[in-house]
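Here is a short report on how the helices of one protein chain pack together. Keep the sequence and the model open as you read.

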Amino acid sequence: MEHGILVWGGLVTCVLIAFVADFRFFEPRDGSRASFRRAGLWSAFWIGVALVFAGVVFVAGSASDGEEFLTGYLLERSLSLDNVFVFALIFTAMATPEEQRQRVLEFGIVAALVLRFVFIVLGAELVKTFDWVLIIFGAFLLYTGIQMARHRDEDEEVDPDRNLGVRIVKRFFPVADDYREGKLFVKEDGKRLATPLFAVMMAVATADVIFAVDSIPAIFGITTDTFIVFSANAFALLGMRALYALLENAADRFVYLKVGLALILVFIGLKMIVEPLVHLPVALSLGVIVLVLAGSIFFSWRKTSGPKPAPA
């Protein structure tokens with residue numbers, strides 16, 4: 001489906017307004033931490049906004065466009081669950097103060113949006129020029145899914161000293177020994193120092209690049225329409241701060257999340273590889289993603305909701 005500059009302008013304007021509203025109004029005005037209930041309502045609100053947009057796409061475009069958006073949105077939203085847990089690990093490993101985490105998340109979301117837009121433009125151009133690139137993307141997702149499944153039981157931890165972003169910061173700047181009240185840089189004895197907060201932002205930016213490398217090829221397995229790919233990514237990023245507030249202390253509850261995400265990536269990878277021979281409808285992809293994600297959440301809930309064994 002072709003989209004003119006006015007349609008793109010309208011989408012970008014709506015996305016910018018939505019992100020400004022999210023950043024401005026999610027946190028309580030008194031500066032306190034958002035409650036679990038507030039985070040849940042806010043997250044549900046942005047999911048509702050995405051569903052309304054899907055309805056607009058159904059009406060203004062076609063049923064197939066609407067299916068592609070919903071499938072792409074659900075895929076990107078599912079992958080964002082893993083992103084949230086990685087951000088939480090970074091914050092824990094780098095002892096980021098609670099009051100600074102939402103600020104870092106804002107930076108991470110903006111960086112992710114920009115990076116994904118760049119990757120989408122580059123990826124779309126590659127796909128347009130070289131059809132076989134989709135097969136390469138599919139093989140990459142298949143490999144990523146298998147690796148994720150193989151390492152699903154390994155303890156996740158983040159070593160800040162191994163993160164590329166942190167290493168770059170330390171390469172060019174001496175790093176202060178504390179967060180210095182939320183400043184990114186400070187001067188001490190005539191020297192310019194980066195603070196740990198700046199290092200955290202670089203760690204999150206590095207994670208954003210890795211996430212984009214996984215998620216953009218995945219959604220190209222659903223559609224190559226850049227308008228739908230970008231809009232699905234943008235709406236999936238909306239409400240990420242609320243999602244983090246909901247899930248930051250629940251990583252141990254989603255014991256089968258990585259299994260579910262691995263199965264989804266393997267399915268999308270295989271779909272892209274066999275696409276030249278067998279076309280799988282978007283509705284089938286949507287059904288598979290819904291069932292796998294729901295199944296991983298359900299079985300995670302069953303495993304973690306029972307009584308905990310008494311200590312030996």
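## Helix α7: length and burial

The expected span of a helix is 1.5 Å times one less than its number of residues. Helix α7 covers residues 196-220, which makes 25 residues, so the expected span is 36 Å. The C-alpha atoms at its ends are 36 Å apart, in agreement with that value. Keep in mind that this is a predicted model.

Is α7 enclosed or open to the outside? Buried means under 20% relative accessible area. By that cut-off, 21 of the 25 residues of α7 are buried, so the rest of the structure largely encloses this helix.

## α3 against α7

Two packed helices are described by the angle between their axes and the distance between the axes. Take helix α3, residues 63-93, and α7: the angle is about 155°, and the axes are 10 Å apart. That angle makes the two helices roughly antiparallel. Their crossing is right-handed.

Which residues meet here? From α3 come Gly72, Leu75, Glu76, Leu79, Asn83, Val86, Phe87, Ile90 and Phe91. From α7 come Val200, Ala203, Val204, Ala207, Asp208, Phe211, Ser215, Ala218 and Ile219. Sorted by type, the residues of this contact are 13 nonpolar, three polar and two charged. An α-helix has 3.6 residues a turn, so residues three or four places apart point the same way.

## α3 against α10

α3 also packs against helix α10, residues 257-274. Here the angle is about 140° and the axes are 11 Å apart. α3 and α10 are therefore oblique to each other. Their crossing is left-handed.

On the α3 side, the contact uses Leu75, Ser78, Leu79, Leu81, Asp82 and Phe85. On the α10 side are Leu257, Lys258, Leu261, Ile264 and Leu265. The contact residues of α3 and α10 comprise eight nonpolar, one polar and two charged. Leu75 and Leu79 of α3 appear in this contact, and they also appear in the contact with α7.

## α5 against α10

α10 has another partner, helix α5, residues 133-150. The two axes come within 7 Å and cross at roughly 155°. That makes α5 roughly antiparallel to α10. The crossing is left-handed.

Many residues take part. α5 supplies Leu134, Ile135, Phe137, Gly138, Ala139, Leu141, Leu142, Thr144, Gly145, Ile146, Met148 and Ala149. α10 supplies Lys258, Leu261, Ala262, Leu265, Val266, Ile268, Gly269, Leu270, Met272 and Ile273. By type, the contact of α5 with α10 has 17 nonpolar residues, four polar and one charged.

## Helix α2 and its cover

Helix α2 runs over residues 36-60 and has 25 residues. At 1.5 Å a residue it should span 36 Å, and its end C-alpha atoms are 36 Å apart, so the two values agree.

Which residues of α2 are buried? They are Ala39, Trp42, Ser43, Trp46, Ala50, Phe53, Ala54 and Val57. Their cover includes α1 (5-25), α3, α8 (226-237) and α9. Alanine 60 also belongs to α2. With a relative accessible area of 65%, alanine 60 is exposed. Its C-alpha atom is 18 Å from that of threonine 71, a residue 11 places away along the chain.

## Three residues to find

Start with leucine 243 in helix α9, residues 240-247. Its relative accessible area is 8%, so leucine 243 is buried. Beyond its neighbours within four places in sequence, leucine 243 contacts Ser43, Ser80, Leu81 and Val84. Arginine 38 is 205 residues away in sequence, yet the C-alpha atoms of the pair are 11 Å apart.

Next, find leucine 74 in α3. Leaving out residues up to four places away in sequence, leucine 74 touches Leu286, Ile289, Val290 and Leu293. Phenylalanine 172 is 98 residues from leucine 74 in sequence and 40 Å away, C-alpha to C-alpha.

Last comes alanine 95, in the loop between α3 and α4 (98-129). Most residues other than glycine have a negative phi. Alanine 95 has a positive phi, near 50°. Its relative accessibility is 55%, so alanine 95 counts as exposed.

Definitions and conventions
Residues are numbered from 1 along each chain as its sequence is written. This is a predicted model: local features need pLDDT of at least 70, side-chain atom pairs count only at pLDDT 80 or more; totals for chains, interfaces and linings use all residues. Side-chain values use heavy atoms; hydrogens and water are left out. Helices (H or I, at least four residues) and strands (E, at least two) are DSSP runs, numbered from the N terminus. Buried means under 20% relative accessible area, exposed over 50%, partly exposed in between (1.4 Å probe, protein chains only). Axes are lines fitted to C-alpha atoms, for helices over the stretch in contact, and angles run from 0 to 180 degrees between N-to-C directions. Angles under 35 degrees count as roughly parallel, over 145 as roughly antiparallel, 65 to 115 as roughly perpendicular and the rest as oblique. A crossing is left-handed if the near helix is turned anticlockwise from the far one by less than a right angle, and right-handed if clockwise. Contact means heavy atoms within 4.5 Å. Ala, Val, Leu, Ile, Met, Phe, Trp, Tyr, Cys and Pro count as nonpolar, Asp, Glu, Lys and Arg as charged, and the others, Gly among them, as polar.
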